[in-house]
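Reader: I've got the sequence and the model open side by side. Can you walk me through what's worth looking at?

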Amino acid sequence: MRKVGNVRKTFESELEELKGTLLRMVDLAERQLGDSMSALQTQNLTLANAVKQNDAEINALDDEINQKVIQLITQQQPVATDLRKIIVALKISTDMERIGDLAVNIAKSTLHIGDEPLIKPIVDIPKMADAVRVMLRKAFDAYDLEDIDLAFELAKEDDAIDEAYGRLIRELMGYMHRNPDHVNQITQLAFICRHLERVGDHVTNMAENIIFMVKGKTLNLNE
Amino acid sequence: MVQLMNRTENETQAAVSPLEAPVREAAKPVVYDTKQLNLWYGSHHALKNIDLPIRENEVTAIIGPSGCGKSTYIKTLNRMVELVDGVRTSGEILYRGRNIFEAKYSVEELRTRVGMVFQKPNPFPKSIYDNIAYGPRIHGIKNKKVLDEIVEQSLRGAAIWDEVKDRLNTNAYSLSGGQQQRICIARALAIEPDVILMDEPTSALDPISTLKVEELVQELKENYSIIIVTHNMQQAARISDKTAFFLNGEVIEFDDTDKIFQNPADQRTEDYISGRFG
């Protein structure tokens, strides 16, 4: 039934290449997030600065994907699954680029806190960060394997992230009352929680896009 | 977005259900209803169990690889296919509710209701005016004023009036290919058809002429029902409301054009429109 010529083969390999670039981006975003969290936990300002610098790598991949998508649309005039794959790569790359920015924001908060001793050992924020990174790794697999069950799971996991965010913010507000001298540090920690919560939303967007790519139907998992 | 409130299991389910719920607008009346149509050229079974409802004021595109039966199908709709020796059919095609294969059905009348435009522009070697007036004259219209009016209306309808109004007496052959094709469309309009069949009407035209014919098709569907065979996937996607995908004499998939090109149900449709075969 299928007779695939060279032009079509080239297109398929370019689609694979696009997928590969995007997977590299997801991987990098996850690593940046991990590094930004280690930098916070150990108050390692050198590492925090490295996270800021490494963001250029994610941005470059985002540009590369944008260029590739434009090229494929003009050359191939794709339809159906091909078109959805291309559009979804474009959208997911925007989400990954934003996650990269959020990792940078976390690193900047760590730099703002500087070497001021932490008011208490932080435990729950890294836990939240771990949960977000697990989501990202699952999203990586869901995209790689086109597994929509995994994509649906991500929406539920994001609910847990949102819950943790609410709890942590209330807790940090309590600390603010009791530690008026550390308002800067506590505010920065609250920002970090907010950034992690946003990462969860971007991963949920990615999950929606994976479902769209596979099924051709749009749904909103972020509501 | 952040949601500080807990979400219930039910709400999560509700967010999932749209996957299963397609929304469709009310269907327009059917012009041509093809039921279990089979056609043989001698022993070659060219059309197999075709079921296809074609609706009023819509553009229906027929796509498929060469030899899939799409031209045969539209030539069956005005019974032109009977000009080929050894053609046999079974099943029925209801045009406005009446089976066109009925013994008493007048082919001439059918063809005044159903105009046709072909792949290669085929004007008569006559003046532009006489090309358009040809059909109405055959139907007995002799009044010059009436003919003038029909010629102008038809040429306007085919979006070529402004280009030819000052040279209606020049030979239609002197026009460009794209203009000739619009003359042929005007000629089809002059007999006031109900349906227009188009067999790859732009395959011999340059991109600008193609665009003009495509725009014309979009305008014409306000007043006519159009069935267009095309090899150009983007054209089908741009101008049609419904698309039927033919393969080896069968209709593999027939659906809204958006659905066919965004998310076809059949893998063979997907393979064809994505250029994996054909």
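Author: Sure, and keep in mind that this is a predicted model. Let's start where a helix stops: helix 2 of chain A is followed by a residue with a positive phi, near 40°. That residue is Gln77(A).

Reader: How many residues does helix 2 of chain A have, and what does it reach from its first C-alpha to its last?

Author: The helix covers residues 45–76, which is 32 residues. At 1.5 Å a residue you'd expect 46 Å, and the model comes close to that. From first C-alpha to last, helix 2 of chain A reaches 47 Å.

Reader: Where is the kink in helix 2 of chain A centred?

Author: The helix bends by about 25°. The centre of that kink is Gln53(A).

Reader: Which helices do the buried residues of helix 2 of chain A pack against?

Author: The buried residues include Ala48(A), Val51(A), Ile58(A) and Leu61(A), and also Asp62(A) and Lys68(A). Their packing partners, both in chain A, are helix 1 (6–42) and helix 3 (80–113).

Reader: Which residues have the most contacts inside the largest nonpolar core, and which helix gives the most to it?

Author: That core has 127 residues, with Ala139(A) and Ala207(A) making the most contacts inside it. Ala139(A) touches Ala207(A) itself, and its other partners include Val26(A), Leu154(A) and Val203(A), leaving aside residues up to four places away in sequence. The top contributor, with 13 residues, is helix 6 (residues 183–215) of chain A.

Reader: Over to chain B. Which are the edge strands of the six-stranded open sheet?

Author: The strand order is 6-7-8-3-9-10, with mixed pairing. An edge strand pairs on one side only, and here those are strand 6 (114–117) and strand 10 (250–256) of chain B.

Reader: In strand 8 of chain B, what is the bridge partner of Thr60(B)?

Author: Strand 3 (residues 59–63) and strand 8 (residues 225–229) of chain B pair in the parallel sense, over four bridges. Thr60(B) has as its partner in strand 8 Ile227(B).

Reader: Do strands 9 and 10 of chain B run parallel or antiparallel, and which residue in the turn has a positive phi?

Author: Six bridges join these two strands, which run antiparallel, and Phe245(B) stands opposite Glu253(B) in strand 10. They form a hairpin with two residues between them. The turn residue with a positive phi, about 50°, is Asn248(B).

Reader: Last one: at what angle does helix 2 of chain B run to strand 8 of chain B?

Author: Helix 2 (residues 70–77) of chain B lies across several strands of that chain, including strand 3, strand 6 and strand 8. Its angle to strand 8 of chain B is about 150°.

Technical notes:
Residues numbered from 1 in each chain as written. Chains lettered and ligands numbered in written order. Predicted model: local features only at pLDDT ≥ 70, side-chain atom pairs only at ≥ 80, totals over all residues. Core = buried A, V, L, I, M, F, W, Y, C linked by C-beta atoms within 7 Å. Buried ≥ 20, exposed ≤ 12 C-beta atoms within 10 Å, placed from the backbone. Contact = placed C-beta atoms within 7 Å. Pairing = 2+ DSSP bridges. Axes fitted to C-alpha atoms, helices over the stretch in contact; angles between N-to-C directions. Expected span 1.5 Å × (residues − 1). Bend = angle between axes of the 7 residues up to and from the residue.
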